[in-house]
Amino acid sequence: MDNFKNMNNFLNDLKENKIHFRLNKIRSESITVEVAVPRQRWEIDFMEDGTINVEKFFSDGTIYADDELKLLFNEFPDNELDYLPTNLMEGDNKPNNVRPMFEKDEVVTAMNAILNEREKNIIIDSWGINSKLLRPEDVYAKYNTTNKEMRVIQRRVINYIILNRK
């Protein structure tokens, strides 16, 4: 019930501040509140386990011409899996037409530099590295973790790779 109360209070705060939002159901284990404010978009996921995930997207205010429309589809993949480093999967696990976000050796280097064994296994299973890609719910159960913890670990790896690229 606290999760509903948290979401309801948040929605009331948005209405009181006259901030546009909409509710969306993207994942089976959450309700997403999509918020649009000047130069920012927010996605707030209220998870069934009680955690709240906030993602913020920032704009520098650049306005593009109509020729940018073609690039939108060329730069981004059709499959949601392609947005994640699951492109590191091998063999039968690997989807067709993937565009790698990171090279496998970058992820392995990052994992070895900053993660303990449990965290490494969470990354291996959640990104399908040398193993079968597991659904998030299966990773939570296997490692007694939460969506919030898994995303923190994933972001640590991503940040390490980005900061250490030459």
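The buried residues of helix α5 are covered by neighbors that include α4 (117–127) and α6. This is a predicted model, and the points below walk through how a few of its helices pack together. As a handy idea to keep in mind, two packed helices are described by the angle between their axes and the distance between the axes.

**Helix α5 and its two faces**

- Helix α5 covers residues 136–143, and its buried residues are V139, Y140 and Y143.
- These buried residues sit on the same side of α5, because they cover an arc of only 100 degrees around the axis.
- That fits a general pattern: an α-helix has 3.6 residues a turn, so residues three or four places apart point the same way.
- On the face turned away from the buried side of α5, you will find the exposed residues A141 and K142.
- Right after α5 comes N144, with a positive phi near 50 degrees.

**How α4 meets α5**

- The axes of α4 and α5 come within 10 Å and cross at roughly 155 degrees.
- Since angles over 145 degrees count as roughly antiparallel, α4 is therefore roughly antiparallel to α5.
- The crossing of these two helices, α4 and α5, is right-handed.
- On the α4 side, the contact is made by R118, N121, I122, D125 and S126, while α5 brings V139, K142 and Y143.
- Sorted by class, this contact of α4 with α5 has 3 nonpolar, 2 polar and 3 charged residues.
- Notice that V139 and Y143 of α5 take part in this contact and are also buried, whereas K142 takes part in it and is exposed.

**The buried face of α3**

- In helix α3, the buried residues are V107, A110 and M111.
- Looking down the axis of α3, you would see these buried residues fall within an arc of 100 degrees, so they line one face of the helix.
- The cover over the buried residues of α3 includes α4 and α6.

**How α3 meets α6**

- Helix α3 (residues 104–114) and helix α6 (residues 147–164) have axes that come within 9 Å and cross at roughly 110 degrees.
- An angle from 65 to 115 degrees counts as roughly perpendicular, which means α3 is roughly perpendicular to α6.
- The crossing of α3 with α6 is right-handed.
- From α3, the contact uses E106, V107, T109, A110, A113 and I114, and from α6 it uses R156, V157, Y160 and I161.
- The residues of this contact of α3 with α6 divide into 7 nonpolar, 1 polar and 2 charged.
- Two of the α3 residues in this contact, V107 and A110, also belong to the buried set of α3.

Conventions
Residues numbered from 1 in each chain as written. Predicted model: local features only at pLDDT ≥ 70, side-chain atom pairs only at ≥ 80, totals over all residues. Heavy atoms only, no water. Axes fitted to C-alpha atoms, helices over the stretch in contact; angles between N-to-C directions. Helix = DSSP H or I, 4+ residues; strand = E, 2+ residues; numbered from the N terminus. Parallel < 35°, antiparallel > 145°, perpendicular 65-115°, else oblique. Left-handed = near helix turned anticlockwise from the far one by under 90°. Contact = heavy atoms within 4.5 Å. Nonpolar A, V, L, I, M, F, W, Y, C, P; charged D, E, K, R; others polar. Buried < 20%, exposed > 50% of the residue type's maximum accessible area, 1.4 Å probe, protein only. Arc of directions from axis to C-beta.
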